[in-house]
Amino acid sequence: MATPIGRKIIDGMKPGLRVFISAGAAGIGRAIADMLILHGAKVFICDVAQDSLDDFKKQYPDHGAVPADVSNDADVARVFGEAKAMLGGLDALINNAGVAGPTGGVEEIAIADWRRCIDVGLTGQFLCTHFAVPMLKEAGGGAIVNMSSSAGRHGYAFRTPYAAAKFGVIGFTQSLAKELGPHNIRVNAILPGIVEGPRMEAVIRARAEQQGLPYAEMEKQYLEKVSLRRMVTPHDVAGMVTFLLSPMGENLSGQSLGVDGNVETL
C-alpha cells in the first residue's frame with residue numbers, strides 16, 4: 001500500500017495478537033485494522049456497511065469480518081461468539097464504533113437521534129466490553145482501547161448527543177481501568193480531533209449550513225481552533241492504537257490520549 005499505513009512503526013509486537021475492532025471496515029477502524037495486520041495481528045472486525053466489509057474480506061480473506069450493529073445486544077453476543085470460534089481467544093478490544101449524531105440546538109434535536117448517538121457511541125462500547133472481558137481474562141490480560149473524541153474533553157455546542165457520548169466514554173474508560181487493572185487488562189481512551197475524511201466533511205457541511213456560511217469558511221474556523229492548524233488522519237489514530245497494544249504501552253492505563261494537533265476548543 002502506498003500510504004503511511006504500509007510501513008511498520010513498532011517493533012516487538014506480540015506475534016498473532018488477537019484483536020476485535022468494532023466498525024473496522026472503513027475510516028479510522030479500517031486504518032487500525034490495516035496497521036495491526038501489518039504488525040502481525042490476527043484481526044476480527046464488525047461493521048454495518050456491507051460494501052466495506054466485502055472490500056475488507058477481499059483484501060484480508062484470513063481475517064474475520066461480519067455485519068453487526070453494536071447497539072444491538074443479540075448482534076454483539078453473536079459476533080463475539082464468532083470471534084472466539086475464529087481467533088480462539090482475545091488479546092485486545094478496540095471500541096471504535098460511533099456515529100456523528102445530529103447537528104442542531106437541543107430543542108431541535110429529535111429524541112430518536114439522541115438515543116441512536118448514545119446507543120452506538122456509548123452503550124455499544126459497554127456491550128462489546130461486556131462480552132470481551134471474559135475472553136481477555138481467560139487470556140491472562142490484554143488491552144482495551146475506547147474511541148472518544150476531542151468532544152469528550154470540550155463542550156461542543158449544537159452537537160450535544162455526540163459530546164455526551166464521548167464524555168461518557170472517558171468515564172467508562174477510567175472506571176474500567178480501575179476495575180480491570182488487577183486482571184492485567186489495560187484500558188485507555190483515544191481522543192481524535194478533526195480527522196480528515198467523509199464523516200468530518202459532513203459534520204463541517206452541516207454546521208456551515210446551520211450558520212449560513214460557505215464550507216471553506218466553516219472549515220477554516222474549525223482549523224483555527226487547532227494549534228497545528230491541520231487535520232489529523234486515520235493513520236495517526238491507528239499509530240496510537242498500535243503503540244498502546246505494543247510492549248511500549250504495557251504500563252499505560254486509565255489515560256485519555258489526544259490525537260488531535262491540540263484542539264484548543266470546539
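**View 1. Strand 1 and strand 2 side by side.** In this predicted model, strand 1 and strand 2 run parallel and are held in register by 5 bridges. Look for V19 on strand 1: across from V19, in strand 2, sits V43. Pairing of this kind goes through backbone hydrogen bonds, and it can be parallel or antiparallel.

**View 2. The other flank of strand 1.** Strand 4 (residues 92-95) also runs parallel to strand 1 (residues 18-22), and 3 bridges join the two. V19 turns up again here, with A92 as its bridge partner in strand 4.

**View 3. Which way do the side chains of strand 1 point?** R18, F20 and S22 go one way, while V19 and I21 go the other way. That fits the usual pattern, in which side chains of a regular strand alternate between the two faces of the sheet. Is strand 1 enclosed or open to the outside? 5 of its 5 residues are buried, so strand 1 is largely enclosed by the rest of the structure.

**View 4. The whole sheet, with two of its helices.** Zoom out a bit and you get 7 strands in an open, parallel sheet, ordered 3-2-1-4-5-6-7. Strand 3 (64-67) and strand 7 (256-259) are the edge strands, each pairing on one side only. On average, neighbouring strands are turned by 15° against each other, direction ignored. Helix 1 (residues 27-38) packs on the sheet, where it touches strands 1, 2, 4, 5 and 6, and its direction makes about 170° with that of strand 1. Helix 8 (residues 234-245) packs on the sheet too, touching strands 1, 4, 5, 6 and 7; its direction makes about 165° with that of strand 6.

**View 5. M248, just past helix 8.** M248 sits in the loop between helix 8 and strand 7. What does M248 contact, once neighbours within four places in sequence are left aside? The answer is I10 and F243. I10 is 238 residues away from M248 along the chain, yet their C-alpha atoms are separated by 8.7 Å.

**View 6. K166, a buried lysine without a salt bridge.** K166 belongs to helix 5 (residues 160-180). The residue is buried but has no salt bridge, and the nearest side chain of opposite charge, D260, is 13 Å away. So what is around K166, leaving aside neighbours within four places in sequence? Its contacts are M147, S148, S149, A151 and G152. For M147, the backbone oxygen lies 3.2 Å from a polar atom of the K166 side chain.

Note on methods:
Residues are numbered from 1 along each chain as its sequence is written. This is a predicted model: local features need pLDDT of at least 70, side-chain atom pairs count only at pLDDT 80 or more; totals for chains, interfaces and linings use all residues. Side-chain values use heavy atoms; hydrogens and water are left out. Helices (H or I, at least four residues) and strands (E, at least two) are DSSP runs, numbered from the N terminus. Buried means under 20% relative accessible area, exposed over 50%, partly exposed in between (1.4 Å probe, protein chains only). Lys and Arg count as positive and Asp and Glu as negative; His and the chain ends are not counted. A salt bridge is a side-chain nitrogen of Lys or Arg within 4 Å of a carboxyl oxygen of Asp or Glu. A polar contact is a pair of N or O atoms within 3.5 Å; within protein, one must be able to donate a hydrogen and the other to accept it, and residues adjacent in sequence count only if both atoms are side-chain atoms. Contact means heavy atoms within 4.5 Å. Two strands pair if DSSP finds at least two bridges between them. Axes are lines fitted to C-alpha atoms, for helices over the stretch in contact, and angles run from 0 to 180 degrees between N-to-C directions.
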